[in-house]
Every structure is written in C-alpha cells, then in structure tokens.
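Have a look at this one with me, and let's ask how each label is earned.

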Amino acid sequence: MLHENLGINSQNRLTFCGYDTVELAKEYGTPLYVMDEDMIRQNCRIYKSALEKNFGKGSMPLYASKAFSCKRIYEIAKEEGIGCDVVSGGELYTVYKSGFPMEKVFFHGNNKTDSDIKLGLDCKIGYFVVDNKEELVELNRQAAERNINQKILLRISPGIDPHTHKAVVTGSVDSKFGSAIETGQAMEIVKDALSMSNLTLDGLHCHIGSQIFECEPFTDAADIMIRFIKQIKDETGYEMNVLNLGGGMGVRYIEEDAKIDYGKNIDKIAEKIKSFAENNGIKMPIILMEPGRSLVAAAGITLYTIGSVKEITGFKNYVSIDGGMPDNPRYALYQSIYSVVVANRANDKKDYVCTIAGRCCESGDLIAENVKITKPVKNDTLAVLCTGAYNYSMSSNYNRLPKPPVVMVSKDKKYVAVARESYDDLMRNDL
Ligand SMILES: *Cc1c(COP(=O)(O)O)cnc(C)c1O
C-alpha cells in the first residue's frame, strides 16, 4: 500500500487508519475528506525530534498551514509543540482564534496589506517574514506607533537555478518572493532592516520550492544562505540568530514515487549545515523548517460516490464522481497525479483504463486521466489517496457546490473537524 495508514479488510474494502472507508462514506456522505490525526501527529514528532536532536532547543518545525488550514489542525500543532506559519489574514485569524501560542506564529506573504500587518501586530505574532522594502517601512511605522519592537526574518532568494533541480521553483533570482543575493538587493534590504528603529532582524528565510525528494537542493540553499550570513557579518558586524530553510520535502503520491524518511533527511542536511557554519566561522544559527505537504498529505484521502460510467467507443472511458475540481483543483491546475481505488472492491483486478471526471461544467474538471482501476458501477465508492495537502485548502464553491466536510480519524476516535457546507451556507453573504 502507498502509506501505512491504508489497508484492505476481509470484506475486500479499503481501510484508512483501521476504518472501513465504505462505512465512513455511508456515515458522513460524499464527497468526504478524511484525515488521519495519528499520522499528522507522528509526522510532527518526526520533524520536531529530528530538528531538536540535530540543532538543539529552539529549532523546530513550523507547520506551513496553507497546506490545510482549519481550527482543529492548529489545535493539533499546538499540542505537538510546533510552530506555525500563515500567509494571509484569514489563516492568521484562524490560528489566533484556535488559541495557538502566537509567539510561535510566522507571517509570510509577498504582499501583506497594511491591514494584514495591523492584524499581525494586534495578534502579537512572533515574527513577520518580511518580503520587501515597502513592507519593512510600513511594519516599522506601525510598530513605532505602538511603541513596540517587532521581531522579523527577511525572505531571501538564494538564486538556485530551477534547471538544476526542476522541483525547485520559488528560490530563483527572478522569483516574485523575497530579495535575491545575486543582485545585491538582499544585502541592501538587510542593511535597511538593521537601520529600522522598531524592528529586530533576527534571521533569514528561504523557501526553494515544493515536492523535493532529494537533500541537495536544501543543502545547496543552506550553503548559499550561510555564506551570505558570513558576508553580512563581515560587512555590518551583525550575526543572524535564525536560519529558516522553508518547506518543500516531497510526498509519495503514487507507487512509483520514492518513500522518504524525513528524519534521516534532516540528519543528512544537518551534518552539512554544521560544516558550512564551521567553515565560515559563524555561530550555528537556530534552524527552522516549514513542512506543509509532508505533514498532512499522506494523512488525507477523499471519498466520492461514482455516478455514471460512460464509454465512448474507440476513445475514452469516463468515470464520473460527485466531486471534482472544486474539492481538488490540483489536476486541473498542474496535472498532479493521484492514486485512485474503487474502495468497495479494493483487491479486485485493476484493468479498466479510464478518466476520472468531476461534475462541473468544465472539460478540464478531471481528477486523473488514463488510470487503471477496477471496473466500477454506479454507487461504488472511489477513494483518491494522499489528498491531505492542498485539497481542502484550495477548494472552492465553483458551480455553487458546497464544500465537503473534514472528518478526523485516529485509533480511538472519529469526529467531524469541519462541517459540510449547506446551501444556506453558500447564500450566507447574499443580500
Ligand atoms: C508553501 C510554503 C511552504 C510549504 O511547502 P510544502 O511543499 O507544502 O512543504 C513553506 N514555506 C513557505 C514560505 C511556503 O510558501
């Protein structure tokens, strides 16, 4: 099986975290997001203990909550003792209302509005990850108005060539995020930040991309960032306390993808980072990482009910489900590949080639193309695996479809974490 929380029971049905998925679909209705709370916690612990072991107290994972944001996930992150990063006023408001320790919240974004900045200060967040000069000036102005000193990190683009590592797409010189070292703009914003009366520059941040399976892109980025920290020390005498290496570790979506041992990867990356710091004669900074996908993706599946099975003779077979791009836009957006299983006949022969289509008025509303599954019939349950990241958080109400609920399961309990939207919910702001 793709991940250890999946199985097949004596009734030939797919199980998830020990639960019969057909029964879950019956009990809660479809489409349905199911999340494995135990696996989320286990992943938090793997990152937390690996970072602490290698870099000492203060080093921790920050959950990149854009992967899956709701009140409950912040409660889990709080209980696991990790930090969080947010990228919008809405995520910030949710984490605040969940009772999360705000000093462990980091606020990202390449274009925070003045009211985003105000909300961050109102909520007394730990750090702003400042992207640009305008933000720096506005944040300093608002902090001065309040007579406080706000801690910040600066988002830096290490200038890693995405062609060397094709998964790496947000840390290149021409990225919309942060300031590039190569152009001199990173050094410029560091000096600007150091001159701000109401800001404390505590460290640097970089995020090089997503769905990265190897360690090299991370160690390459760390190498560049640590040399930059050394250069800052030489030019200004100021030494950074924190280096945040961002998120991006990969997840196994299909059998062909490699299994990743996050703890071992962190060990490998740590060894390199320590030698970089030593070679450059700088003190070892506190290392932060921001896993999103790798904490929650494999901890989620989506269950659908199959409607029509349409065979266009000589062309294609379409299997239609009662969800689609509104609850999982990732295939429509970037042809992301998923594993799909007919959950009520999980062990049967998978020899039916088909395209899984949603029910929106869009030809691009697909979940998978040319996949091999057991030949389905109406009312079968279809499971799409590894949907815990960037599905619920990217969902929309396109075609005025209500969003599915999120049910959390663990060894000893199951409960609704996010309720299913009703038609009245859809109309709640219509005047
Ligand atoms: C998206 C993002 C992450 C998380 O990336 P994953 O690939 O989900 O681990 C972390 N940090 C920043 C700044 C991001 O934009």
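Q: How do you know how helix α5 and helix α6 pack?
A: Helix α5 (residues 114-122) and helix α6 (residues 133-145) pack at about 45°, and their axes lie 10 Å apart. Axes here are lines fitted to C-alpha atoms, for helices over the stretch in contact, and angles run from 0 to 180 degrees between N-to-C directions. Helices are DSSP runs (H or I, at least four residues) and strands are E runs of at least two, numbered from the N terminus. This is a predicted model, where local features need pLDDT of at least 70, side-chain atom pairs count only at pLDDT 80 or more, and totals for chains, interfaces and linings use all residues. Residues are numbered from 1 along each chain as its sequence is written, and side-chain values use heavy atoms, with hydrogens and water left out.

Q: Why is α5 called oblique to α6?
A: Angles under 35 degrees count as roughly parallel, over 145 as roughly antiparallel, 65 to 115 as roughly perpendicular and the rest as oblique. At about 45°, α5 is therefore oblique to α6.

Q: Which residues of α5 and α6 meet?
A: With contact meaning heavy atoms within 4.5 Å, D114, I117, K118 and L121 in α5 meet E135, E138, L139, Q142 and A143 in α6.

Q: What makes α2 and α3 oblique?
A: Helix α2 (residues 37-55) and helix α3 (residues 71-79) pack at about 45°, with axes 10 Å apart, so they are oblique to each other. In their contact, E37, I40 and R41 of α2 meet R72, I73, I76 and E79 of α3.

Q: How many disulfides does the structure hold?
A: Zero. A disulfide is a pair of cysteine sulfur atoms within 2.5 Å. For C44, the nearest cysteine sulfur, that of C84, is 8.8 Å away, and C44 is in no disulfide. The sulfur of C123 has its closest cysteine sulfur in C84 at 13 Å, which is too far for a bond.

Q: Why do C44 and C123 count as buried or exposed?
A: Buried means under 20% relative accessible area, exposed over 50%, and partly exposed in between (1.4 Å probe, protein chains only). C44 has 4% relative accessibility, so C44 counts as buried. C123 is at 6%, so C123 counts as buried too.

Q: What kind of peptide bond joins T30 and P31?
A: A cis one, with omega about -5°. P31 lies in the loop between α1 (21-28) and β4 (32-36). Most peptide bonds are trans.
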